[in-house]
Amino acid sequence: MKNDKCSFCGSKRNDVRFLISGTSGFICDNCAERAYEIVKEEVGHSVGKPGFNLETVQLHKPIEIKALLDQYVIGQDDAKKILSVAVYNHYKRLGQKDTKDDVEIEKSNIILVGETGTGKTLLAKTIAKMLHVPFTIVDATVLTEAGYVGEDIESLLTRLLQAADYDVALAEKGIVFIDEIDKIARKGDNPSITRDVSGEGVQQGLLKLLEGAVVNVPPKGGRKHPEQSMVPVDTKNILFIAGGAFDGIDKKIAQRMNTKIVGFDKKNTEIIDRQNLLQYIAPQDLKAFGLIPEIIGRLPVLTYLNPLDKEALRNILTEPKNAIIKQYIKLFKMDGIKLDFQPEVLEYIVEKAIEYKLGARGLRSICETVMTDAMFELPSDTKKTFHVTVDYAKSKLENTEYEKRLKIA
């Protein structure tokens, strides 16, 4: 009808493209568009973006979580199994409803012990990606007590908040990976007059975050913006995964296990794999290394990652979904170039990674050194195929500045 008008702005039917009728009024197309923008702004960052919602997302079972990890991480079956169960129980705990038995399931944070490049960070990152939860990595070595040069402990929550696009509710269900937690071990058993501001002091500061507390977080990064309003973040449902190489902890494990081998019971010594003592790690070893008992208690799930042998490193190059070699093949394909590697090249790269004790992380570094010149020159060349040989790889790696740096390290 000609006299119909928008109930919001008053525009008549002839003045707009169309009117949408309701039970007792109308809304024009202009007001409908404005309403959509307002709703999008209010509901915010979760509109049109996948987020973790316990009511709408079915949590994968532990077997399914491990199967997905298998696609990205080679080996480490024990660690993947323990991680899968811990993560499943954690997010199942978030969905628990109030019951009459008053049994409250406590949070189980995780600590991963393993050499550099064995997959600690990749495991945590892959799980977060699968669950669609915010994820952040914090280097423990930059954390110090408040009032000292460095980053406040609360800054790790600032990063999680940023990863969640400042959606506090989403951040409170996220995952924080604290890397190199072994670097904040207590510097010694003897109390010192000087404060251990980057060691035990940081451990003490982490306690309330790990256990669960409402922390006022500066949204843009701490001390540099003292005037900004704080954002309260409840950490009781944030899953903390700590990782560290704990270089030298194998000696602590050996000392502890030797105390149990007494008398003539030598058969016990035969079953101990002294090449991989990490598999026998226990909480008391972490305490002997320098972690305080309180923080060990708040990281109850303890697991280890095996050192990567030659076969595992070789598989890492080609097997996972995002394998390094697959990435290079795709990069060259985007320039119309078919790339392939001589099998002996992969063996050579693995041998170098083992020689310099670089782990899986070193594979990428070695490949970059071998492939940099080709990636620089070939996009402008007329060649449509490139075959990487052992001689080519050796010419780019041996007796170079890169190899000299590795030998010095």
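Q: How many salt bridges does the count come to in this protein?
A: A salt bridge here is a side-chain nitrogen of Lys or Arg within 4 Å of a carboxyl oxygen of Asp or Glu. This is a predicted model, where local features need pLDDT of at least 70, side-chain atom pairs count only at pLDDT 80 or more, and totals for chains, interfaces and linings use all residues. Residues are numbered from 1 along each chain as its sequence is written, and side-chain values use heavy atoms, leaving out hydrogens and water. By this rule, the number of salt bridges is 16.

Q: Which helix holds the Asp29 end of the salt bridge with Arg17?
A: Let's follow the pair: the closest N and O atoms of Arg17 and Asp29 are 2.8 Å apart. Arg17 sits in the segment before β1 (19–21), 12 residues from its partner. Helices (H or I, at least four residues) and strands (E, at least two) are DSSP runs, numbered from the N terminus. Asp29 belongs to residues 29–43, helix α1.

Q: Is Asp29 buried or exposed?
A: Buried means under 20% relative accessible area, exposed over 50%, and partly exposed in between (1.4 Å probe, protein chains only). Its partner Arg17 has 62% relative accessibility, so Arg17 counts as exposed. Asp29 has a relative accessible area of 3%, so Asp29 is buried.

Q: Which two helices does the pair Asp77 and Lys66 tie together?
A: The closest N and O atoms of this salt bridge are 3.5 Å apart. Asp77 lies in residues 77–94 and Lys66 in residues 62–72, so the pair ties together parts 11 residues apart in sequence: helices α3 and α2.

Q: Is Lys66 buried or exposed?
A: Start with Asp77, which at 44% relative accessibility counts as partly exposed. Lys66 has a relative accessible area of 18%, so Lys66 is buried.

Q: Which residues are linked with Lys66 in a network of salt bridges?
A: One partner is already familiar, as Asp77 forms a salt bridge with Lys66. The network links Lys66 with Asp70, Asp77 and Lys80.

Q: What is the relative accessible area of Asp182?
A: Asp182 and Lys183 meet in a salt bridge of 3.3 Å, N to O. Lys183 is partly exposed at 42%. Asp182, by contrast, is buried, with a relative accessible area of 7%.

Q: Where is the pLDDT below 50, with 15 contacts in the model?
A: pLDDT is the predictor's confidence in each residue, from 0 to 100. The protein's mean is 81, and 81% of its residues reach 70 or more. Where pLDDT is low, the predicted coordinates should not be read in detail. The stretch with 15 contacts (heavy atoms within 4.5 Å) beyond near neighbours in sequence is residues 43–52.
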